[in-house]
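Colleague: I'm new to this one and would like a close look at a single part of it. Could you walk me through it once the picture is up?

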Amino acid sequence: MTPDKLSVVISDDDALIRDALREVLDAEPDLEVVGVAADADEAIALTRRYAPAVVVLDVRMPGGGGGRAAREISRLAPGTGILALSAHADQAAVEEILRAGVAEYVVKGAPNRDIVAAVRRLGTGRTSG
């Protein structure tokens, strides 16, 4: 991890999403992806290992989903900002994931600049939610 960069862990069960997110975030000079996970258990393990500034979680993924991962990450690393990224924008899903410790929620398909901005806000402690 580079001290002048915000460290990020990405967790999504879709390899294309993981790769695209990593590419987008690593292209930013102030962000560094330190780990990529395919399920909740891997996201939790990577958070334990790296204590990243931000974790980007898919809401629905194996291992108990983003909700379980968010609860565990909040407990293990209370200083880590959690961004939910999901294809599902229904109000119940949003409320559930926010109760689990997620600070921001972005719907998949949002412009890359919105995802990058949310990661930066979370990484510097300036949440909008």
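At roughly what angle do the axes of helix 1 (residues 15–26) and helix 5 cross, and within what distance do they come?

Modeller: A word on the ground rules: this is a predicted model, where local features need pLDDT of at least 70 and side-chain atom pairs count only at pLDDT 80 or more, while totals for chains, interfaces and linings use all residues. Residues are numbered from 1 along each chain as its sequence is written, and side-chain values use heavy atoms, with hydrogens and water left out.

Now your pair. The axes of helix 1 and helix 5 cross at roughly 70° and come within 10 Å. Axes here are lines fitted to C-alpha atoms, for helices over the stretch in contact, and angles run from 0 to 180 degrees between N-to-C directions. The helices and strands themselves are DSSP runs numbered from the N terminus (H or I with at least four residues for a helix, E with at least two for a strand). That angle makes helix 1 roughly perpendicular to helix 5; the scheme is under 35 degrees for roughly parallel, over 145 for roughly antiparallel, 65 to 115 for roughly perpendicular, and oblique for the rest. Helix 1 also passes helix 5 in a right-handed crossing, meaning the near helix is turned clockwise from the far one by less than a right angle, with anticlockwise being left-handed.

So who meets whom? From helix 1 come Leu-21, Val-24 and Leu-25, and from helix 5 come Asn-112, Ile-115, Val-116 and Val-119, where contact means heavy atoms within 4.5 Å. Sorted by type, this contact has six nonpolar residues, one polar and no charged. For that sorting, Ala, Val, Leu, Ile, Met, Phe, Trp, Tyr, Cys and Pro are nonpolar, Asp, Glu, Lys and Arg are charged, and the others, Gly among them, are polar.

Take Val-116, which sits in helix 5 (residues 112–123). Val-116 is buried, with a relative accessible area of 4%; buried means under 20%, exposed over 50% and partly exposed in between, using a 1.4 Å probe and protein chains only. Leaving aside neighbours within four places in sequence, Val-116 is in contact with Val-24, Leu-25, Glu-28 and Leu-31. One of those, Glu-28, is 88 residues from Val-116 in sequence, yet the two are 8.2 Å apart in space, C-alpha to C-alpha.

Val-119 leads us on to strand 1 (residues 6–11), where Leu-6 is found. Leu-6 and Val-119 are 113 residues apart in sequence and 8.7 Å apart in space, again C-alpha to C-alpha. Leu-6 is buried at 17% relative accessible area, and beyond four places in sequence, its contacts include Leu-31, Val-119, Arg-120 and Gly-123.

For a contrast, try helix 2 (residues 40–50) and helix 3 (residues 65–76), which pack at about 15° with their axes 9 Å apart. That makes helix 2 roughly parallel to helix 3. The crossing of this pair is right-handed. Their contact residues divide into six nonpolar, two polar and four charged.

In helix 2 you'll find Thr-47, which is buried at a relative accessible area of 1%. Its contacts beyond four places in sequence are Pro-52, Val-55, Ile-73 and Ala-77.
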